[in-house]
Amino acid sequence: MPAVLRLLSFVRSYWRQVVLATLAMVGLAGFSLLVPWLIGRAIDIGLAAGSLTTLVLLAGAVVLSTVLRGLCAFGQTYSSEWIAQRVAYDLRNAIYDRVQNLSFSFHDRAQTGELMSRATADVESVRWFLSFAVTGIVQIVLLLSGILVLMVRLNSHLALVTLAFIPVAVGVALRISSVLRPSWTRIQEQMAVMTTFLQESLAGIRIVRAFAREPERLAGFRNENEHLHALQVRQARLQALNAPLLALLLSMATAASLWLGGREVIEGRLSVGDLVAYIGYLGLLTMPVRRLGFLINTVARAEASGRRIFDLLDAESEIRDAPDAIELPPVTGHVRFEHVSFSYDRRAPVLTDITLEARPGEVVALLGATGSGKSTITLLLPRFYDVTAGRITIDGYDIRQVTVRSLRRQIGIVLQDPFLFSATIRDNIAYGMEDAPFEQIVQAAKLAGAHDFIMSFREG
Ligand SMILES: Nc1ncnc2c1ncn2[C@@H]1O[C@H](COP(=O)(O)OP(=O)(O)OP(=O)(O)O)[C@@H](O)[C@H]1O
Ligand SMILES: [Mg+2]
């Protein structure tokens, strides 16, 4: 299924707002179409009869329908933006939830910057699609069909000639957008490359500084940034071409209507007011047709972004609770590895046939050359990865038969590279044990030799 259609399914739960937006759109198109007709009436009835009252009445009607049109425009913009923001909100939450729950092996393969760019830039282009493109396209369809009917009713002969311009204009818009589309994909990808570069520079800032590599990093960033800039400028040139080209086509249609319509008026087959109304309708088309290229682009962009988002949302975590998983009851910590083998990529073996036992209270140290698999052994115990063969038990429970949450709650880990969240010292120490009593946290800080240093801060 195309990603844009799947995106629309996210809108379904907000059907009330959708109904509101649709009503507003219909109203907007209706009142837009009413104004040229009223002006035509003013000329034909008011002017022809020399009746000032009719003129004043019709002028009032023009103002009134413009006000109502404004109200509908407000309702349409507000409700469609509401829906779009709401879906963006839902998508961000869904992405965050997914990223939190995907396994370590997924994160080994994924780049942080690339994931961040999906949660931000891609969600944003989806929001644009929902708030501008969907309403824009419905608007064009409504206006086009309305205008078509009205024009044919006014003068079918004239309508045939002028409306021939519409397919040409639409064709030009489509042609331009087909050039723009691949260039959008490239921009989006380059954006992800730059985000990754930036994220890695920030995460590795100490290493960069330690080796005095700032000039090279800067040059690298400049290079990526320049590439993005060049792509955007090219894009802007293509887009800038779009509007004048379509405006030219529409003004040619207007000129043709004036010429042919004028002849109809002179020969008495069309009234002056109807000609004015007719040209007014044509003018109504200028904006939507001019935006057609932009709209198609937005759809193409949302399709690319939507696919990137759904790829992520559809990714399955390799570590999941078994359907019949039980809660791991409080354990004493009797750990057994039974003929355990493991490989990160299912090709190069990292552990082969490891059997070991650690009894409660026992301190076990693993010694070995770097890269021999010591850290890997410890990562298997909390099920950050699953063994490829054999099994691991704690107090006799196979760790794949208990829920991941109940397993990890009973394991304490000190990782090789500590990570601090932007939170208080208290929260960082008590991470994973939110309800730990304060004395216990202080005790932990004392044991770690951090207490004095913490107390040296003004607010501890
Ligand atoms: N996330 C990973 N993805 C793929 N391969 C990995 C991953 N982590 C480690 N490896 C590989 O698995 C092997 C064992 O790595 P491990 O980190 O367990 O070694 P170690 O004994 O802890 O080394 P050190 O003494 O350097 O800490 C190495 O060849 C390493 O390159
Ligand atoms: Mg290690």
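A cavity is a set of grid points where a 1.4 Å probe fits but cannot get out. The legends below use that term for a predicted model.

**View 1. The largest cavity encloses about 40 Å³ of space.** The count comes to three cavities of 30 Å³ or more. Lining the largest one are L380, R383, Y385, D386 and V387, together with I392, D398, I399 and R400. By class, five of the lining residues are nonpolar and four are charged. Polar residues are absent from this lining.

**View 2. The second largest pocket holds about 750 Å³ of space.** Its lining comprises 29 residues. Nearest the centre of the pocket lie V335, T378, L381, I411 and G412. By class, the lining has 20 nonpolar residues, six polar ones and three charged ones.

**View 3. Strands and a helix contribute to the lining of the second largest pocket.** β1 spans residues 335–342, and β2 spans 351–358. Helix α11 covers 374–380. Each of these three elements supplies at least two lining residues. Which element gives the most to the lining? That is α11, with four residues.

**View 4. Ligand 1 sits among 13 surrounding residues.** The closest are T370, G371, K374, S375 and T376. K374 and S375 also fall within the residue range of α11, 374–380.

**View 5. Oxygen atoms of ligand 1 pair with polar atoms of G371, G373 and K374.** At G371, a polar backbone atom is 2.8 Å from an oxygen atom of the ligand. At G373, the partner is again a polar backbone atom, and the distance to a ligand oxygen is 2.9 Å. K374 takes part through its side chain: a polar atom there lies 2.6 Å from an oxygen atom of ligand 1.

**View 6. D122 is placed in helix α5.** The helix runs over residues 112–154. Is D122 buried or exposed? D122 has a relative accessible area of 0%, so it counts as buried. The cut-off for that class is under 20%. Leaving out residues up to four places away in sequence, D122 touches S117, Q188, S305, R308 and I309.

Key: Residues numbered from 1 in each chain as written. Chains lettered and ligands numbered in written order. Predicted model: local features only at pLDDT ≥ 70, side-chain atom pairs only at ≥ 80, totals over all residues. Heavy atoms only, no water. 1 Å grid on protein atoms, 1.4 Å probe; cavity = no way out; pocket = protein on both sides within 12 Å on 5 of 7 lines; lining within 4 Å. Points joined across faces, edges and corners; volume = space filled by probe spheres on them. Nonpolar A, V, L, I, M, F, W, Y, C, P; charged D, E, K, R; others polar. Buried < 20%, exposed > 50% of the residue type's maximum accessible area, 1.4 Å probe, protein only. Contact = heavy atoms within 4.5 Å. Near = heavy atom within 4 Å. Polar contact = N/O pair within 3.5 Å; in protein donor to acceptor, adjacent residues only side chain to side chain.
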